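Here are some short exercises to work through with the structure open beside you. Try each task before you read its solution.

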Amino acid sequence: MKRKVLVPVYQLLSGFILLTLLTVAQARELPDFTVLVEQNSAAVVNISTTQKPKQRPPFAQKDMPGLPQGTPWDDLFRHFFGDEGEGPGPEEAQSLGSGFIIDTDGYVLTNNHVVEDAEEILVLLSDRRELKAKLIGSDKRSDIALLKVDARNLPVVKIGKSEKLKVGEWVMAIGSPFGFDHSVSVGVVSALGRNLPSENYVPFIQTDVAINPGNSGGPLFNLDGEVVGINSQIYSRTGGFMGLSFAIPIDVAMEVVAQLKSKGYVARGWLGVLIQDVTRDLAESFGMKTPSGALVSKVLDESPAAKAGLKTGDVILEFDGKAINRSSDLPPLAGHAPIGSTVKLKILRNGKTQTVQVKVAELPSEEKLAEASTTEKKGKADRLGLTVADLNAEQRKALEIERNGVLVQEIEEGAAAEAGIRRGDVILKINGNDVDNVAQLRKLVEGLPAGKSVPVLVQRRNGPIFLALRVPEGK
């Protein structure tokens, strides 16, 4: 016969009370953003702009020879396309974004892409005042724009230090997604120092804060109520939020603001090298234990790097004492270096480390490279599965190549295809040796060590790039 176990009511109640207290305690550990919102919402603004699109070309009946004149269709086409030589007046396009006030005298910070090409910029304050804003300056590379409105004693945000951020830290965004002003979303810092494909000079803060169109230019706050970033971009396959948001560090933004206020534009440091990541195979080919650093795929003529003696194939390991783990670490460091200053680069060359001193210059506006289109002499490098051709003088000039390089005309299955070499590539170096012509490439290929990875430098549409080529055995 089983004995019944009776539990006193007070024990059940005490257990329930204890569980409730633990739940309340855990809930209290989650941050309360209500005070932060109350303290900072007034300094967040809605930004709208108007842009005049290009004049739509007028409809000309001569452009549609199959359409007879004097028919009812004439009025229909004129309604949509206008008469020949006229064309309707286009409506002004509107853009919505966010911003925040950083100075009581009316300075407002936002994204460059929010106000780019704007005919008129309007700032809507929290008290419903709508003020015209003047563009003080903008910087496309960092996506920062500084505005000024004619007002005094405005509420301002408190500027923090993005360098103190830690992954996992709570953050809050206030902005105008889809025009719904002063919308609040919260999340955590997902990663720091992210480099996006089209952005070389901004080490982005990645968060999982819900950011949507209209949030651009709005502030990202920490739990102390300080602005630590400017919400700028999202990663999305649908156009909506997918858990990947990117903010410009406020430290970077305030450096830009200082230059825009003082001289109206932003000057950045520049070395004059094109770089890429060191892959595992490339690391093996260079005799490195682990892949790290920025591999120099091209040294631009008359650049600081060229004057300092840097060479294609060098691996930059440190910039002024700061380690370069990935190639994306280098541009922000070089960009923030004072122009005219001399920095030390620790590099790996031919398996040995050495130090090179480079005098930083100002970053030029743009650099362009062209690609070859015709050929002269042809030949095969059968061991690799390539058909290559010599370059003529016109091609070398277009590619800014003085003397070396052969064009990849055809590629078959084999070591070259596996390495990622493509038709249209120009092979500049192989295993550290310049490739001057087809005949020399054949000799160099014959002497490559079987079963080993060797670096190959090729020129592409977007610039030079190193590839790791594993030479097949038994050939």
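The exercises below concern a predicted model, and each one comes with a worked solution.

**Exercise 1. Describe the chain as a whole: how many helices and strands does it have, and what share of its residues count as buried?**

Step 1. Start with the secondary structure: the chain has eleven helices and 28 strands.

Step 2. Turn to burial: of the 475 residues, 45% count as buried.

Step 3. Now look at the surface. Its accessible area comes to about 26,100 Å², and 50% of this belongs to carbon and sulfur atoms.

Step 4. Finish with the contacts. Among those with a separation of 6 or more, 61% are between residues 24 or more positions apart.

**Exercise 2. Find the largest nonpolar core: which residues touch the most other members, and which element supplies the largest share?**

Step 1. The core has 27 residues, and F100, L109 and I230 touch the most other members.

Step 2. Strands β6 (144–149), β8, β12 and β13 (245–249) and helix α5 (250–263) each supply at least two residues of this core.

Step 3. The largest share is that of α5, with six residues.

Step 4. Another core, of 23 residues, lies apart from this one; V388, A416, L444 and V454 are among its residues.

Step 5. Zoom in on L109. Beyond its neighbours up to four places away in sequence, the residues it touches include F100, I230, A253, M254 and V257.

Step 6. As background, nonpolar side chains tend to be buried together in soluble globular proteins.

**Exercise 3. Decide whether S232 is buried or exposed, and find the polar partner of its side chain.**

Step 1. Locate S232 in strand β12, which covers residues 226–234.

Step 2. Compare its accessibility with the cut-off: buried means under 20%. S232 has 5% relative accessibility, so it counts as buried.

Step 3. Its side chain makes a polar contact with the side chain of D143, at 3.0 Å.

Step 4. D143 is also one of the residues that S232 touches, along with N111, H113, F204, S216, F246, A247 and I248, when residues up to four places away in sequence are not counted.

**Exercise 4. Place W170 in its surroundings: which nonpolar surface patch does it help to make?**

Step 1. W170 lies in strand β8, residues 170–175.

Step 2. With a relative accessible area of 32%, W170 is partly exposed.

Step 3. Together with L30, V184, V186 and L223, W170 makes a nonpolar surface patch of about 410 Å².

Step 4. Look for contacts beyond four places in sequence: those of W170 include L30, V186 and L223, as well as F221.

Step 5. W170 and F221 are 51 residues apart in sequence, with their C-alpha atoms 8.8 Å apart in space.

**Exercise 5. Examine the salt bridges: how many are there, and why does the pair K140 and E116 tie together separate parts of the sequence?**

Step 1. The structure holds ten salt bridges.

Step 2. In one of them K140 pairs with E116, and the closest N and O atoms are 3.7 Å apart.

Step 3. K140 lies in the loop between β5 (130–139) and β6, while E116 lies in the loop between α4 (112–115) and β4 (120–124), so the pair ties together parts 24 residues apart in sequence.

Step 4. Check exposure: K140 is exposed at 61% relative accessible area, whereas E116 is partly exposed at 30%.

Step 5. For a second pair, take R129 and D127, whose side chains meet at 2.9 Å, N to O. R129 is partly exposed, at 38%, and D127 is partly exposed too, at 42%.

Methods
Residues are numbered from 1 along each chain as its sequence is written. This is a predicted model: local features need pLDDT of at least 70, side-chain atom pairs count only at pLDDT 80 or more; totals for chains, interfaces and linings use all residues. Side-chain values use heavy atoms; hydrogens and water are left out. Helices (H or I, at least four residues) and strands (E, at least two) are DSSP runs, numbered from the N terminus. Buried means under 20% relative accessible area, exposed over 50%, partly exposed in between (1.4 Å probe, protein chains only). A polar contact is a pair of N or O atoms within 3.5 Å; within protein, one must be able to donate a hydrogen and the other to accept it, and residues adjacent in sequence count only if both atoms are side-chain atoms. Contact means heavy atoms within 4.5 Å. Patches are made of residues with over 30% relative accessible area and no salt bridge: like charges are joined within 9 Å, nonpolar side chains (Val, Leu, Ile, Met, Phe, Trp, Tyr) within 5 Å. Accessible areas come from the Shrake-Rupley method with a 1.4 Å probe; for residues, only the protein chains shown count as cover. A salt bridge is a side-chain nitrogen of Lys or Arg within 4 Å of a carboxyl oxygen of Asp or Glu. A nonpolar core is a set of buried Ala, Val, Leu, Ile, Met, Phe, Trp, Tyr and Cys residues joined through side-chain atoms within 4.5 Å.
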